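Visitor: Could we walk through this one slowly, please? I'm in my first year, and I'd like the terms explained as they come up.

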Amino acid sequence: MAERQGQAAADAVLTRIGQVVILHHAGDREEARRRLLDLWAEVGAHGDPLHRCTLAHYLADTQDDPADELAWDLRALTAAEEIARDRPASREGALAVRAFYPSLHLSLAADYAGLGQPDAARTHLRRARSAAADLADDSYGEGVRAAIRRWESRLGEGGGGPWKPPRQRP
């Protein structure tokens with residue numbers, strides 16, 4: 001019974017994160033950032049790594065400063081690596097993170113490109129491409145693979161042209 005209550009609480013955190021992400025996608029970036037930071041304070045820097053990974057990944061998207069965005073994406077990757085290291089592959093979080101790795105590395109590639117570090121960007125782009133092999137042939141997987149192809153073109157990987165800085169997010 002206690003295990004089910006713990007799972008329900010965990011699901012509640014992920015649900016709350018999803019609700020804030022919807023708010024962010026609707027255009028309220030400042031409020032989304034505030035709510036995600038409140039959730040981060042609740043979860044804590046040493047809380048459930050799946051929650052930290054998910055929160056940090058989405059918090060990165062709400063940042064105005066590219067260096068802050070990179071810092072949040074690095075927190076997300078660190079938490080993902082903690083999940084992969086500490087949980088057996090059969091556990092829910094470990095499986096979810098395997099599907100999340102391509103997106104995490106793609107975000108880091110974009111962060112480094114935005115900071116004028118194309119070599120680091122290319123490294124993470126290659127990691128994203130490698131991790132994408134684990135993605136299903138569904139809309140999420142196809143969307144991530146399409147984003148990888150766009151970044152390959154931008155960064156001159158895979159036969160694309162010379163590296164150009166990405167457009168800044170609004």
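**A walk through the helices**

Guide: Let us begin with one pair, Glu142 and Arg145, which both belong to helix α7 and lie 3 residues apart, or about one turn of the helix. Helices here are DSSP runs (H or I, at least four residues; strands are E, at least two), numbered from the N terminus.

Visitor: And how far apart are the closest N and O atoms of Glu142 and Arg145?

Guide: They are 3.5 Å apart, and the two residues form a salt bridge, meaning that a side-chain nitrogen of Lys or Arg is within 4 Å of a carboxyl oxygen of Asp or Glu. Please keep in mind that this is a predicted model, where local features need pLDDT of at least 70 and side-chain atom pairs 80 or more, while totals for chains, interfaces and linings use all residues. Residues are numbered from 1 along each chain as written, and side-chain values use heavy atoms, without hydrogens or water.

Visitor: Are those two buried or exposed, or something in between?

Guide: They fall into separate classes: Glu142 has 39% relative accessibility and counts as partly exposed, whereas Arg145 has 18% and counts as buried. Buried is under 20% relative accessible area and exposed over 50%, with partly exposed in between (1.4 Å probe, protein chains only).

Visitor: Let me zoom out for a second: how many helices and strands are there?

Guide: The protein chain has 7 helices and 0 strands, so that its pattern, read along the sequence, is α-α-α-α-α-α-α. Of its 170 residues, 44% count as buried. As for contacts (heavy atoms within 4.5 Å), those with a separation of 6 or more are made 55% by residues that sit 24 or more positions apart.

Visitor: Back to salt bridges, then. How many does the whole structure have?

Guide: A search finds 14 of them. One joins the side chains of Asp119 and Arg122, at 3.4 Å from N to O, and both of these residues lie in helix α6 (residues 118–131), 3 residues apart.

Visitor: Which of Asp119 and Arg122 is exposed, and which is buried?

Guide: Asp119 counts as exposed because its relative accessibility is 57%, while Arg122 is buried, with a relative accessible area of 19%.

Visitor: What about Glu152, which residue does its side chain meet?

Guide: The side chain of Glu152 meets that of Arg129 in a salt bridge of 2.5 Å, N to O. This pair links distant parts of the chain, since Glu152 is in helix α7 (residues 139–155) and Arg129 is in helix α6, 23 residues apart. Glu152 counts as buried at 14% relative accessibility, and Arg129 counts as partly exposed at 33%. Elsewhere, a network of salt bridges links Arg29, Glu30, Arg33 and Asp64.

Visitor: Changing topic, where is Val144, and what does it touch?

Guide: Val144 is in helix α7 and counts as buried, at 8% relative accessibility. Leaving out residues up to four places away in sequence, Val144 touches Pro102, Leu106 and Leu135. The C-alpha atoms of Val144 and Pro102 are separated by 7.2 Å, although the two residues are 42 apart along the chain.

Visitor: And His57, buried or exposed?

Guide: His57, which is in helix α3 (residues 49–60), counts as buried at 4% relative accessibility. Beyond four places in sequence, the residues touched by His57 include Asp73, Ala76 and Phe100. The C-alpha atoms of His57 and Asp73, 16 residues apart along the chain, are 5.4 Å apart.

Visitor: How does α3 pack with α4?

Guide: The axes of α3 and helix α4 (residues 66–86) are 8 Å apart, and the packing angle is about 160°. An axis is a line fitted to C-alpha atoms, for helices over the stretch in contact, with angles from 0 to 180 degrees between N-to-C directions. The two helices are therefore roughly antiparallel (over 145 degrees; under 35 is roughly parallel, 65 to 115 roughly perpendicular, the rest oblique). Among the residues making the contact are Cys53, Ala56 and His57 of α3, together with Trp72, Asp73 and Ala76 of α4.

Visitor: And at what angle do α2 and α3 cross?

Guide: The axes of helix α2 (residues 29–43) and α3 cross at roughly 155° and come within 10 Å, which means that α2 is roughly antiparallel to α3. Their contact includes Leu36, Leu37 and Trp40 of α2, along with Leu55, Ala56 and Leu59 of α3.
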